[in-house]
Structures are given as structure tokens and as C-alpha cells.
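Me: I have the structure open and would like to go through it with you. Could you start with the ligand and then move on to the empty spaces and the backbone?

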Amino acid sequence: MTSSPARPDRVISVAVPVPGLGLLSYLAPAGAALHKGARVRVPLGARSVVGCVTDTDGSAPADQELRTIGEVIDPEPFVPGDVVDLALWVGEYYASGPGAALALAMPPAARDGTRESFRTTRIYERVEGASISDGPAPTARQQNALDALAAQATGVSAGEAAKQGIGAAMMRTLVARGWVRARDEVVLRDPFDDRGEENAEGGRWSADVAAKPEPALTMEQADAYQRLEDAAAGHTFKTVLLHGVTGSGKTELYLRLARHIVSSERRVLVLVPEIGLTPSLAGQFRARFGDRVAIQHSALSDGERHDQWHRIRRGDIDVVVGTRSAVFAPLAGIGLVIVDEEHDGSYKQDEAPRYHGRDVAIVRARAHGALVVLGSATPSVESASNAKSGRYDLVRLTKRVLDRPLAAVRIVNMREEFAARGADIALSTPLIDAIRDRLSRAEQTMLLLNRRGYAVVVFCRQCGASLECPHCSVVLTYHKAQRRVRCHYCNYAAAVPRKCGACGGEYLEQAGIGTERLEADVRAQFPGARVRRVDRDTIRRKGSMTRVLREVARGDVDIVVGTQMIAKGHDFPAVTLVGVVGADVGLGLADFRAAERTFQLLTQVAGRAGRGEAAGEAIIQTLYPEHYAVRSAAAQDYDTFYQREMEFRTSMRYPPTVAMINVVVRSKTPEGAMADAHDLVKRTRHRHPHGHVIGPAPAALAKVNDEYRAQFFVKGQQRKPMRAALTAALDERPELKRRVTVDVDPLSVM
Ligand code: ADP
Ligand code: ZN
């Protein structure tokens, strides 16, 4: 008979990559070497999954039946402990559970339990001192081959040897005789290497790696730099907002501060937005820091990402430059975190975990006692408000380097243009005149319009009904080149019907202007001009973006027409005119950040014109010439914009004056979505009686991909009770979890 003993085994906590699951407890044999951050195979229902150990001496209720772990994949921590903690924080804060967050912290293939998978190449080398007189004498051909190999001290690859006439069969013989040795050498897949695989953006990172000579700082830069260096001196956590107008030379400050940190043997993490900026900023770091810079970017090949991750993990790297998910890079001893263009929307992930890279970066820096520098010409309202309240230090750069003037900005009231020339025009008279002027001086023009396609809607002249997507509650866009209408949400496409589906009317008209139509209008207006369009329809294939950028840089293009894709991050010195064809796309939306986004886009655009020697001009066509977002962008007046925007956010109780969680419930029917949302609202209110739960209501996009969407918001001052109430409500209705999206600190509520 045995008395009931204490558990002989240890209880460990494991995060598994299953959405909605919290940490799971398992038994581990008492003697097993187990570390936090190691991967283990564990039973889950009838399956076996790879999870990550988050705690090695956990506890579980004594009456709980625990299963025993399977294979221990890593004998040492795989994900560093501080990154495990960071992922757990993300899982909790963004209410996504720990599994999805930990998956972000692993390189490709690691999630299914694969150990390192480096690419190797076989190298052959002459064995020194292996006497050829001992064995059978080599034929003359073998002797020649051995002489050739002896001349190459570091060995040759099979491919190189073949080129020198030493074939595979010959090599096998030489190896078998003991005269030649074969070994496998790791080939690092380096995203900076021109021979590597092309990334999805089509660019090689080396595109502009050419090292620029280090300029002497301007007085304003020098002051700012000194303040940043002082802030870093304490080796304690601190956040600085570096608010510098476009072209004020923020990058130079990043580079110098990074060098300062690296020289004191700490490491640097640099986050950049998703498109455009990575190659050039990464290239500049590479030029200054050599191969101790690693890149982490979702557009890298899996092989490149794998190799970069392991180089960082081994400590071979001082500086990591990457997009959002690089915040989880296995970098130790971080002394500085830079978040460039901190206001950029691409820092927020739009699937679970819906984390914000900037905010997670700040949490990571706190754990390392590091300095955070948030850089922007148009800081997010959140960061500016933190600077105002004193939570962040503020360092400002108000001048462009070399006193290059900011672009002159002109606002064109499109209501007047439409009244005078009809509502179907894309280009106003002032913009046409300005383009003609540029063409005559062989200068370049950039035209921005944030809508793809030819016409934005197709409608019936008889009954007014517009063509809608059968699967989503949005209108279909007409694409002329394909002669089809398309849905930009679910990609549904169809031929243009000949009759109206609602009334049978035979006159279907198009309205609204997309980039395809803008390009056609520009070509018709300026027959001799060389025009290029850049949007997701023309930039499909790998490399096409890089190609267009090169053509523009070489001066082979007069007018670039494009979506936001071209507005960000690219430096076009010869562009002296930027036209914003429709500045109102954002302002019409029922989204509390519409004005902020419009202000940011217009300010950045105005900052782009005239980056080179020639003075620049920006022309903004708008239906809302009096709107404060348009006016303050034209005046490059951040402070006025911020003040007006904060008045709006305060009166409407929007972030950052309150914390907010956006919840979307999806269902096959509109009634089902509303009923489930109602139920969750009731349960959430019950658990958080003093909180504000607003809704539910049909979402602004009421139907996407055949699913109906209802929406509600939780608002309050403290996220913790808000989140707890919501999570508890969902735990009572676990069957809803697959159909509910929880977005903490949403960027968009559409
Ligand atoms: P920002 O990021 O603030 O918009 P950049 O860092 O891109 O500005 O700087 C704009 C341009 O000025 C770049 O071409 C950069 O190389 C150059 N630059 C920066 N600092 C100096 C300086 N002190 N002297 C001369 N040129 C500089
Ligand atoms: Zn659709």
C-alpha cells in the first residue's frame, strides 16, 4: 500500500500555439533538464504539439489530472527568458493568449520543432601531408586535380571544382583514397547580399548601402544629440520623443547614438515601418556598423530570417533593424531602442495578437533599463500627449538641415473646381498648370491618390443603385484594363453587368476616380510625358517596385502616379511637385483617427517635395479646405493640429483621453451577430458595472466575406478591469471565441 505521496514530478507551464488557450500545466520527470524558453512536445487532446516552456516550477491544484510532457526539444533556453516574459505580457495585454505571441518570438520552422536548419555547402580541400606514395599511385589526371586543390588553401566547393574540371566521380575517388577531405560549411543567407533570394518588396537591401561620409552636425542637431546622449547616460529606462520636421536629420542622430551605445558594449534595436523605409535605414546602419547589423523583416526569405535570428541569438550582432516583429528579436543587453516614424500605422498588427510594435518596444526597453527614442515628424497623438504630460522627454528639431526650405503648400478647393468644370475631373486647373511648368523644366511630379482602379463606383442612372459586392457591404470598383469590377475587401471579381440588378435599367455609369483613371487622364492631358503608375495592381511582381524607383531616380519618368505606397520613405530629390489628388479619403470615414491620418499623410507629402536642391511645391486638392487637418498640414503646424485634435478626442471620449477596446462579433446572419454581441455586452457590463460599454451596433463594414459584423466598445481609464470583464464574458461563451475579435488600443474601428 502506498500513502498518497506528493507529486514526484515537477509541474511546468507551457504556451502552445492554439488561439484562445492560456498557459497549460504538464508534468516533467523530476530529473529532466528543463529551461524557460525551451521547446517541448506536449500532448493536447489526441494531438501532440510543440510548445514553449514559460515556467519550470509552476504549481497546479493537487486534484488536477496532469499529463506528462513528451520530447524535450531544446536542452537549453531557445527563446531568451526576457523575450518569453515579453510575449506573455503581449498575450495578456492584447488578450490574445500566450501562444500566438510566443510564435512571433521564434524563427521560421522553429514552431514545428525543427532545430537549426542552416544551409550548408560542401567544401573539398587537399589533406596536407597525406602521402600519395603510401597508397596506389595517382594517375596523371588525379595528380593534376590534387595540384589544383593544393593551390586553394581554404578549399573549393563542388561547383567551383567542377568548373576546374574536377568532376564528382574524380572527387569521390580522391576522397576515398584519403588525399582530399570533405567538410560542410554553413552559408549564411544574408539579406544584404546581392546573390541572395529577392525579398517580397523586390528590393535587395544593398540597394542604397553606399556609405555616405559622416556630416558635421548642425547646431540644432548637436544640441538634440547631446540631450539624447545624456538621457542614455543613466543606463535607466527612459522614453524620449524626437519630434523633428521632415529632413531635419533624425537618421544621423540615430546612427551616432547607436554607435555611442555599441561602444559601451550594449546593443541597439531599431524598429522601422513596414514598407519602404527598411532598405534605406538598414543600409545606412550596415554602412556604419558592418556585418554586426542584422535585419528582421517579414519580407525576408525563411532562410534569411532563420540565419539572422540565430546570429542575433548567438550574440554576433550589435544592431537589429527590423519591422514590427523585430521587437521580439533574441537580442541581449539592449541599451537603446529606436522607433522610427513612430506614428506609422504598420506598427500595429491586424491579426492576433493585435499588438503595437512601438508600445511593446517600450515595455521591452523597460525590462532592459534602456533608452527609447521615438522619432517622427508627425508624432501620434498618443506620444505627443505623453510628452505633454511629462511621461516622455521631448526633443525637437524645427529646422531642415542645410536650411533647405519646406515645400510651399497650396490648397485647392475642389468644390469650386467641380462647380466650374464639372464633377468628373481629376486634376484642377492649378495642378495642371503646375505640372506643365515642371515638364517644361524637366522636373518630376508625383501625384497621390489613395484609391486603386478606374472608377470607384458603378451605379444605375435609372434607380441610383450602385453595384455592390455580393459578399461584403461595399461597392465594387471598376478596373478598366481588366474590364471587370472588383471588391477590394474579398477580391471578388465579375464582368460589368449590362443591366442594373435592381431595376433592369440599361444605363450604368461610373463615378469616382481611381489611380487607373488618373493615369489615363494624365496621359491624355500631357501626351508627351513619361508616366508611371505605382499601386498594388501594377506592383504585383517581385522587383517591380525597385525597378520603378530606379527609373524615377534616373530621370526616365516625368510623372509618377500612385497610392500611399510611394508617399512613404522614398527619397526622390528631383521631384519638385507633389499633387495630392484626393486629400479627403480619410476625412469622410467614421473613424476617430481619420483627421490624424490625413494630417500625417499631407504633412509627410509636403515634406517630400523638394528634398533635393530645387525648392518644392505641394498642391492639395480637397473638398474640405477649411478642415483643421488640412490647414495645419499645409502650414506644417503640428501644435495647432494637436490642440484641435485633442479637443475632439476629449469631447468624444476617444483615446488617448480614454483607453478603448474594440470588439467585433461575426456571424452568418446580421441578427445572429447582434444577438451574440448583445449577450457579450450584458455579461461584460455585469462584471464591470462602472465601466462604459458602448453598443452593440452593426459595424461600419457590416458584412465582409459573407459574414455579418456587429461591434461594441469598452472604454475606461484602466485597461485591466476592462480586459478582465471582457475576457470573463468570453470565457462564459467559449464557443464564440472563434467569431470574436478583440482589439485593445485599436488604430482603426472600421
Ligand atoms: P529626417 O529623417 O529627419 O526626415 P534625414 O535624416 O533623412 O531627415 O536627413 C535628411 C538629409 O539630410 C539626408 O540626406 C541626410 O543625409 C542629410 N543630413 C543629415 N544631417 C546632416 C548634416 N548635419 N549635414 C549635412 N547633411 C545632413
Ligand atoms: Zn467582397
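Me: How far is the backbone N or O atom of Gly247 from an oxygen atom of ligand 1?
Reply: In this predicted model, a backbone N or O atom of Gly247 sits 2.6 Å from an oxygen atom of ligand 1. A backbone N or O atom of Ser248 is also in contact, at 3.2 Å from an oxygen atom of the ligand.

Me: And which side chain has an N or O atom 2.9 Å from an oxygen atom of ligand 1?
Reply: That is Thr251, whose side chain places an N or O atom 2.9 Å from an oxygen atom of ligand 1. As for cover, ligand 1 on its own has 560 Å² of accessible area, and the protein covers 78% of that.

Me: Which residues come nearest ligand 1?
Reply: There are 16 residues around ligand 1, and those that come nearest are Ala216, Gln221, Gly247, Lys250 and Thr251. Gly247, with its backbone contact at 2.6 Å, and Thr251, with its side-chain contact at 2.9 Å, are both in that nearest group.

Me: How does that shell divide by class?
Reply: The shell around ligand 1 is made up of 6 nonpolar, 7 polar and 3 charged residues.

Me: Changing topic to pockets, what is the volume of the second largest one?
Reply: The volume of the second largest pocket is about 790 Å³. Its lining consists of 27 residues, and Pro19, Gly20, Ala95, Ser96 and Gly97 are the ones that lie nearest its centre.

Me: Which element gives the largest share of that lining?
Reply: Helix 20 does, with 5 residues. At least two lining residues each are supplied by helix 1 (81–93), helix 2 (98–104), helix 20 (719–732) and strand 29 (740–744). By class, the lining of this second largest pocket has 13 nonpolar, 7 polar and 7 charged residues.

Me: How many cavities of 30 Å³ or more turn up in the whole structure?
Reply: The search finds 1 cavity of 30 Å³ or more, and the largest cavity has a volume of about 80 Å³.

Me: What lines the largest cavity?
Reply: Its lining is formed by Ala15, Val16, Pro17, Val50, Gly51, Cys52, Gly99, Leu102, Ala103, Met106 and Arg111. Strand 4 (47–58) and helix 2 each contribute at least two of the lining residues, and helix 2 also supplies at least two residues to the lining of the second largest pocket. Sorted by class, the cavity lining comprises 8 nonpolar, 2 polar and 1 charged.

Me: Stepping back, how many helices and strands does the protein chain have?
Reply: The protein chain has 20 helices and 29 strands. Its radius of gyration is 30 Å, close to the 27 Å that the globule rule gives for 750 residues, so the chain is as compact as a globular protein of that length. Along its principal axes, the C-alpha trace spans about 100 × 80 × 65 Å.

Me: Where are the cis peptide bonds I should look at?
Reply: One joins Pro655 and Pro656, with omega about 5 degrees, and Pro656 lies in the loop between helix 18 (638–652) and strand 26 (659–667). Another joins Gly695 and Pro696, again with omega about 5 degrees, and Pro696 is in strand 27 (residues 692–704).

Me: What about the phi of His235?
Reply: His235 has a phi near 55 degrees, which is a positive value in a residue other than glycine. You will find His235 in the loop between helix 6 (219–233) and strand 8 (238–244).

Me: Why point these spots out?
Reply: Because most residues other than glycine have a negative phi, and most peptide bonds are trans.

Conventions:
Residues are numbered from 1 along each chain as its sequence is written. Chains are lettered from A and ligands numbered from 1 in the order in which they are written. This is a predicted model: local features need pLDDT of at least 70, side-chain atom pairs count only at pLDDT 80 or more; totals for chains, interfaces and linings use all residues. Side-chain values use heavy atoms; hydrogens and water are left out. A residue is near a molecule or strand if one of its heavy atoms lies within 4 Å of it. A polar contact is a pair of N or O atoms within 3.5 Å; within protein, one must be able to donate a hydrogen and the other to accept it, and residues adjacent in sequence count only if both atoms are side-chain atoms. Accessible areas come from the Shrake-Rupley method with a 1.4 Å probe; for residues, only the protein chains shown count as cover. Ala, Val, Leu, Ile, Met, Phe, Trp, Tyr, Cys and Pro count as nonpolar, Asp, Glu, Lys and Arg as charged, and the others, Gly among them, as polar. On a 1 Å grid over the protein atoms alone, a cavity is a set of points where a 1.4 Å probe fits but cannot get out, and a pocket is an open set with protein on both sides within 12 Å along at least five of seven lines; lining residues have an atom within 4 Å of a point. Grid points are joined across faces, edges and corners, and a volume is the space filled by probe spheres set on the points. Helices (H or I, at least four residues) and strands (E, at least two) are DSSP runs, numbered from the N terminus. The radius of gyration is taken over C-alpha atoms; the globule rule is 2.2 Å times the number of residues to the power 0.38.
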